[in-house]
Amino acid sequence: MLLLVLGVGQNARCYAQTQAGAQTKVATLHEPSSDLPAHVEGSTENGVARPTTSALPDPEISPAVAKQLAALQAEIEELKTALKTRSAATGAPTASPTPVAPVSVPEPKTVKSTAVNLSADTPQGGAGAPEKPKPADPFAYADWTWLNGNPRNKDVVWDSKFFTPEIRMDAHYIMDLNHPKDDTMGGSTEIFRSNEIQVEQISFGGNFHWQNVNARILTMNGMFGVTTPRNDASAGRGQWDLRGAYKYVSEANAGYHFDVNHGLNIDAGIFVSYIGLFSYYNFDNWTYQPSYVSSNTPWFFNGLRIQWFPTDKLKIEPWIINGWQSYGRLGSKPGLGGQILYRPKPWLSLVFNNYGMGEDTLGSGDGHFGRSRIHTDDSAEVKYYDHPEKFLDKMAFSVTGDLGCEYGGSGSFVSAQGRTINNNVNCHHNTATSSKQTFAGWMLYNRWWFKKDKYGITLGGGAMANPGRYLTLLPPINGADAITGSPYFTQNPGDPYKAWDASLTFDWMPRQYITFRTEYGYRHANVPYWTGRGGITPGDNLFPSTVPNPGGGSVVGSTSFVPGPYLSATPGYTCVAGSAGFCPDLRKDEPSLRYAIMVKF
């Protein structure tokens with residue numbers, strides 16, 4: 001029995017020494033002094049081995065326990081050296097961590113884990129201070145793919161830190177039910193040829209982004225490459241071929257992003273305009289042929305754009321631009337304008353566009369005509385039904401209203417019909433020396449989505465009144481364009497023009513990257529304007545017209561004009577072809593069927 005008691009007492013003493021040793025070893029990790037305990041073998045200080053002062057083992061500790069103690073001490077010394085190195089690197093002393101419970105020898109890894117956790121939780125020169133949260137990206141709090149004018153892609157096919165590509169294709173077949181014999185249509189920025197398959201848009205490019213530097217490039221080929229430039233008269237002032245320089249580019253801008261509020265961008269170059277709500281690219285829109293307040297207003301600007309996002313729901317965007325959808329200036333003043341975009345709720349988007357000061361009528365000589373333009377364009381889009389679990393899963397509408405006018409101008413000229421025209425215009429009423437030159441229009445569309453957005457139906461239309469016809473698209477009669485004008489459809493101060501339209505659109509969207517579209521549209525004007533059966537090309541293309549066409553603004557052959565109705569393409573006169581002349585076949589109505597396949601990656 002005495003032997004048994006002695007044995008148990010010795011084992012208890014051994015365990016107590018082990019616990020005390022472990023506590024001593026943990027405590028050495030917390031001491032600020034760099035001196036190491038004299039009994040530790042193989043310890044170092046500043047990388048130099050220190051001599052051992054006590055190498056005699058405790059005879060009461062078994063060899064196995066001694067081996068574990070040595071391994072534990074080595075781990076502690078490694079951690080201490082690491083802490084000293086880290087403290088020296090940060091230039092700040094290591095704070096003392098909170099004491100921990102002693103750890104038993106049979107589980108030495110627990111001591112190492114505790115030491116690591118203590119080091120990680122200890123502030124090192126302020127590195128542990130909470131970082132300021134990054135501001136939310138603008139409008140990122142909701143899904144806006146339902147909007148008219150926004151692409152509906154929810155996923156990016158491919159992306160990188162430097163480049164996000166974009167590819168767009170748009171092919172269509174338009175059937176003008178007036179059946180013009182020259183297959184030429186007018187009065188649109190989306191449909192141009194009848195009874196033919198045409199490629200409307202071929203675009204390649206994307207966004208470049210690196211260290212807050214941004215650039216966007218998107219090419220423009222297809223019908224858009226020639227139909228958009230012909231509506232810009234700025235190339236008729238001065239030298240160099242601006243149309244040739246820019247005709248195959250729809251967007252080309254570069255700038256810098258500043259981390260101010262929720263973002264501040266400053267970009268210069270060509271960028272798309274959202275005056276009229278609809279996108280320049282048909283894939284993004286609810287219909288193929290938009291109403292006049294969109295189709296007859298700018299698709300692009302050339303100049304400087306500043307985008308400021310004071311919150312994640314608001315954008316304020318000033319513009320300093322060359323003019324109203326123009327590559328260059330038409331007069332002596334640049335155009336000024338801006339956009340306010342506000343999206344306070346996931347179901348509501350409000351956009352307000354304003355433009356002013358620009359002189360956008362091409363004059364003679366140096367082009368300084370002295371006539372200025374102002375315009376406001378305001379839209380609201382509302383998603384009033386959203387139930388993705390149902391067959392009819394979404395409904396929304398968009399409404400847009402526009403007002404504008406031109407004012408100023410001097411001098412007079414004699415038209416092809418023999419009328420003396422005063423150049424001066426105003427925003428209010430007709431006088432003996434000045435004509436009212438205004439624009440007023442609206443459009444309203446409602447859209448329904450079905451079966452998780454696989455199908456869509458849009459119904460809508462709009463109207464416009466534009467005395468002076470300064471925003472009425474010139475029909476391409478004999479190749480006429482914005483520079484040449486046309487004696488067969490005048491755009492003189494006071495010339496009357498009113499129009500309305502309606503359309504019904506069906507979309508099949510089997511994937512988010514493609515839309516198959518079928519649309520019926522009807523457009524009406526109060527004067528002959530749309531292409532009729534006889535066409536608008538002299539000689540039925542025996543002598544093809546070109547764009548630009550130097551003869552586009554001239555009277556063909558022996559054509560003459562005799563007094564006629566005021567509500568006509570040439571107010572107060574009627575075209576008479578004679579024996580060797582030409583008169584275009586213009587109608588007041590244009591029904592058409594539109595079929596398109598549109599792709600965006």
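This briefing walks through the fold, the strand pairing, the salt bridges and the aromatic rings of the structure above. Keep in mind that the model is predicted. The protein chain has 601 residues, and 46% of them count as buried. Its regular elements come to six helices and 26 strands, and the side chains add 20 salt bridges plus 28 aromatic pairs.

**The chain as a whole**

- Let's start with the contacts: taking those in the protein chain between residues at least 6 apart in sequence, 68% join residues at least 24 apart.
- Now for the outside: the protein chain exposes about 28,400 Å², and carbon and sulfur atoms supply 62% of that area.

**Strands side by side: β11, β12 and β13**

- Strand β11 covers residues 348-356 and runs antiparallel to β12, with eight bridges joining the two.
- On the other pairing of β12, 15 bridges join this strand to β13, and these two run antiparallel as well.
- β12 and β13 make a hairpin, with five residues between them.
- You can follow a path across the strands: Leu350 has Ala380 in β12 as its bridge partner, and Ala380 in turn has Val399 in β13 as its bridge partner.

**Salt bridges that reach along the chain**

- Have a look at Arg371 and Glu406, which form a salt bridge with their closest N and O atoms 3.8 Å apart. This pair ties together the two hairpin strands, with Arg371 in β12 (residues 371-386) and Glu406 in β13 (residues 392-408), 35 residues apart.
- Are Arg371 and Glu406 buried or exposed? Arg371 has a relative accessible area of 5%, so it is buried. Glu406 is buried too, with a relative accessible area of 0%.
- Another salt bridge joins Asp481 to Arg243, where the closest N and O atoms are 3.0 Å apart. Here the partners sit 238 residues apart, with Asp481 in the loop between β19 (455-465) and β20 (498-511) and Arg243 in helix α5 (residues 242-246).
- Asp481 counts as buried because its relative accessibility is 0%. Arg243 is also buried, at a relative accessible area of 8%.
- Arg168 forms a salt bridge with Asp284, and the closest N and O atoms are 3.1 Å apart. Distant parts of the chain meet in this pair: Arg168 lies in strand β3 (residues 163-176), while Asp284 lies in the loop between β7 (264-272) and α6 (292-295), 116 residues apart.
- Both members of that pair, Arg168 and Asp284, are buried.
- Which residues share a network with Arg168 and Asp284? Glu166, Arg216 and Glu251 do, as salt bridges with shared partners join these residues to Arg168 and Asp284 in one network.

**Aromatic rings in pairs**

- A quick tip for reading this part: a pair of aromatic rings is described by the distance of the centres and the angle of the planes.
- Among the 28 aromatic pairs is the one made by Tyr256 and Phe258, with ring centres 4.8 Å apart and planes at 70 degrees, so this pair is edge-to-face.
- Tyr256 counts as partly exposed because its relative accessibility is 35%, and Phe258, with a relative accessible area of 34%, is partly exposed too.
- How are the rings of Phe300 and Tyr327 arranged? Their centres are 5.0 Å apart and their planes are at 20 degrees, so the pair is stacked.
- The stacked pair links distant parts of the chain, with Phe300 in strand β8 (residues 300-311) and Tyr327 in the loop between β9 (314-321) and β10 (335-345), 27 residues apart. Phe300 and Tyr327 are both buried.
- Rings can also gather in groups here: ring pairs link Phe224, Tyr280, Tyr281 and Trp299 into a cluster.

**Charges over rings**

- Which residue puts its charged end over the ring of Phe139? That would be Arg343, whose charged end sits 5.0 Å from the ring centre.
- Lys394 does something along those lines with Trp449: the charged end of Lys394 sits over the ring, 5.7 Å from its centre.

Terms used:
Residues numbered from 1 in each chain as written. Predicted model: local features only at pLDDT ≥ 70, side-chain atom pairs only at ≥ 80, totals over all residues. Heavy atoms only, no water. Salt bridge = Lys/Arg side-chain N within 4 Å of Asp/Glu carboxyl O. Helix = DSSP H or I, 4+ residues; strand = E, 2+ residues; numbered from the N terminus. Buried < 20%, exposed > 50% of the residue type's maximum accessible area, 1.4 Å probe, protein only. Contact = heavy atoms within 4.5 Å. Areas by Shrake-Rupley, 256 points an atom, 1.4 Å probe, with all protein chains shown as cover. Pairing = 2+ DSSP bridges. Phe/Tyr/Trp six-rings, centres within 6.5 Å; stacked < 30°, edge-to-face > 60°. Lys NZ or Arg CZ within 6 Å of the ring centre and 35° of its normal.
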